[in-house]
Each structure stands twice: as structure tokens, then as C-alpha cells.
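Biologist: Please take a close look at the surroundings of the ligand in this model. I would like the contacts, then the scaffold around them, in one connected account.

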Amino acid sequence: MTQNVEKVLISQEELAKITEKLGKQITEDYKDSKKPIICIVILKGSLLFAADLIRHIDLPLELEFMKVSSYGAGTKNSGEIKIHLDLMREHLEKYNLIIIEDIVDSGRTLARLTQLLKNRNANSVKTCTLLDKPSRREVDFVPDYCGRTIPDEFVIGYGLDYDEKYRNLPYVGVLKPEVYS
Ligand code: PRP
């Protein structure tokens, strides 16, 4: 598997520091809030990041999962989000929601998902992403918490896939172009 990795972009040690820093920042920001947190893990890519991140959030929190995909620009449904697995919760006004993502690319998924959850009257909705590729942005979206801004390279590992593989690499790596071209 590692023979297809061009280079390690973020090592295991760096990932541990990033998740600790983000977890502490979230703890600090929400420590005085009267309402509990629901962390919404967006499947599948953010599973590993979320598992490490929540262990550094020293506050009462609940965990939920969603699976969504956005329609790209130019398609019939452009501007919408497809929900494959929805949040099985009501009374979101009682909660602060934190959406956990592995990567922001065009920004469409998180822009639409944030709006959708705000429309369901959540007390607050914030986003936390491990990686951000601002150079790929197609819509106006800035994550509230971001682990690392990265260049436009094909990243895999620590939850991120190519053709559903490489998610189990313990680091974030760059895939050799010859694998996908
Ligand atoms: C990835 C990622 C985000 C989305 C980001 O999910 O996890 O959800 O794409 O792209 P955007 O900013 O252009 O909307 P993907 O559809 O690859 O699913 P996966 O997490 O199951 O691999």
C-alpha cells in the first residue's frame, strides 16, 4: 500500500498535535455554554479524525453520524445536498452542533450542510475540518476550526480514500499521480 504514497504530508505525530490543539480550542470556546454539544461525524472520511479529536474535548458531548454528498456545479440538482444517512435527532434548539469533516474542497458539502442544520433551528452550528484546500473553493465557505491548510494535492490516509482504499494509513500522504491518472 505504501508503495503508492509519494510522500507523507502530515505524520502521525503531527496529527496527534493537531487534534489535541483543536480539541483544547473547542473545549475553551464552549466551556461556558449552557447547552450540550453534539459532534456530527460526516462519514466516511472523518471517522479517524473525529475519534481522536473528541478525546481532547473535555466537555459533555454526544455523538451522531451523517452521510451526505453534494451535487457538483452544473448538474440538475446543483445547489442541493443528498442525504444518505440523516441525523436521527429532534429539538436541535437544545444543542450546539459541531460538524466534523476530514477535508473541505469546493466547500459545497459543508456550506449546504451548515445551512440545512441551521434551518432545523440548532442553537448553533460550527464546522471543524482536519484539512482545508482553499485553492479549490467554488462557494464562499470558511470552516470555524481547521487543522491544516494544504495545497491542491491528492491526499489519502487517516480516513481519506482513493477508490475507497488507503483510509487506514495512520498518516496523511500524497498519492502518486500515476495511480489515478
Ligand atoms: C469528501 C469529504 C467531504 C467532501 C468535501 O467526502 O469528506 O464530505 O468530500 O468536498 P467539497 O468541499 O467539494 O464538498 P466524499 O464524498 O469523498 O466521501 P467520503 O468521506 O465517504 O470519502
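Modeller: What follows starts at the ligand and works outward to the sheet, the helices, the salt bridges and the backbone.

One caution comes before the details. This is a predicted model.

Start with the ligand. It is surrounded by 16 residues. The closest are E101, D102, S106, G107 and T109. Three polar distances can be listed. The side chain of T109 has a polar atom 2.5 Å from a ligand oxygen. For S106, an N or O atom of the side chain lies 2.6 Å from an oxygen atom of the ligand. For D161, the corresponding side-chain distance to a ligand oxygen is 3.2 Å.

D161 also has charged partners. Salt bridges that share partners tie K44, D161, E164 and R167 into one network. So which residues link the ligand to this network? D161 is one of them: a ligand oxygen is 3.2 Å from its side chain, and D161 belongs to the network.

K44, another member of that network, deserves a look at its backbone. A cis peptide bond joins L43 to K44, with omega at about 0°. K44 sits in the loop between β2 and α2.

That loop leads back to the sheet. Strands of a sheet pair through backbone hydrogen bonds, in a parallel or an antiparallel sense. Here the sheet is open and has six strands. Their order is β4-β3-β2-β5-β6-β7, and the pairing is mixed. β4 and β7 are the edge strands. Each has a single partner strand, so one side of each lacks a neighbour in the sheet. On average, neighbouring strands are turned by 30° against each other, direction ignored.

Take one pair in detail. β2 covers residues 37-42 and pairs with β3 in the parallel sense, over six bridges. I42 in that pairing has M66 of β3 as its bridge partner.

Two helices pack around these strands. Helix α1, residues 12-30, packs on the sheet. It touches β2, β5, β6 and β7. The direction of α1 makes about 155° with that of β7. Helix α2, residues 47-54, lies across β2, β3, β5 and β6. Its angle to β5 is about 135°.

Now the charged pairs. Side chains of opposite charge can pair when their charged atoms come close. The model has 18 salt bridges in total. Three of them show how the pairs are placed.

First, E64 and R89. Their side chains meet in a salt bridge at 2.7 Å, N to O. E64 is in strand β3, residues 61-70, while R89 is in the loop between β4 (81-85) and β5 (96-104). The two are 25 residues apart, and the pair links distant parts of the chain. Is each partner buried or partly exposed? E64 counts as buried because its relative accessibility is 17%, under the 20% limit. R89 has 21% and counts as partly exposed.

Second, D105 and R136. This salt bridge is also given as 2.7 Å, N to O. D105 lies in the loop between β5 and α3 (108-119). R136 lies in the loop between β6 (124-132) and β7 (145-149). They are 31 residues apart, and again the pair links distant parts of the chain. D105 is partly exposed, with a relative accessible area of 26%. R136 is partly exposed too, at 38%.

Third, R137 and D132. The closest N and O atoms of this salt bridge are 2.9 Å apart. R137 is partly exposed, at 21%. D132 is buried, at 6%.

Last, two tyrosines with unusual signs in their phi values. Y158 has phi near 50°, positive in a residue other than glycine. Y158 is in the loop between β8 (155-156) and β9 (172-175). Y166 has phi near 80°, also positive in a residue other than glycine. Y166 is in the loop between β8 and β9 as well. Are these tyrosines buried or exposed? Y158 counts as buried, at 5% relative accessibility. Y166 counts as buried, at 8%.

To close at the ligand: S106, T109 and D161 each place a polar side-chain atom by a ligand oxygen, and D161 carries on into the network with K44, E164 and R167.

Terms used. Residues numbered from 1 in each chain as written. Predicted model: local features only at pLDDT ≥ 70, side-chain atom pairs only at ≥ 80, totals over all residues. Heavy atoms only, no water. Salt bridge = Lys/Arg side-chain N within 4 Å of Asp/Glu carboxyl O. Helix = DSSP H or I, 4+ residues; strand = E, 2+ residues; numbered from the N terminus. Buried < 20%, exposed > 50% of the residue type's maximum accessible area, 1.4 Å probe, protein only. Pairing = 2+ DSSP bridges. Axes fitted to C-alpha atoms, helices over the stretch in contact; angles between N-to-C directions. Contact = heavy atoms within 4.5 Å. Near = heavy atom within 4 Å. Polar contact = N/O pair within 3.5 Å; in protein donor to acceptor, adjacent residues only side chain to side chain.
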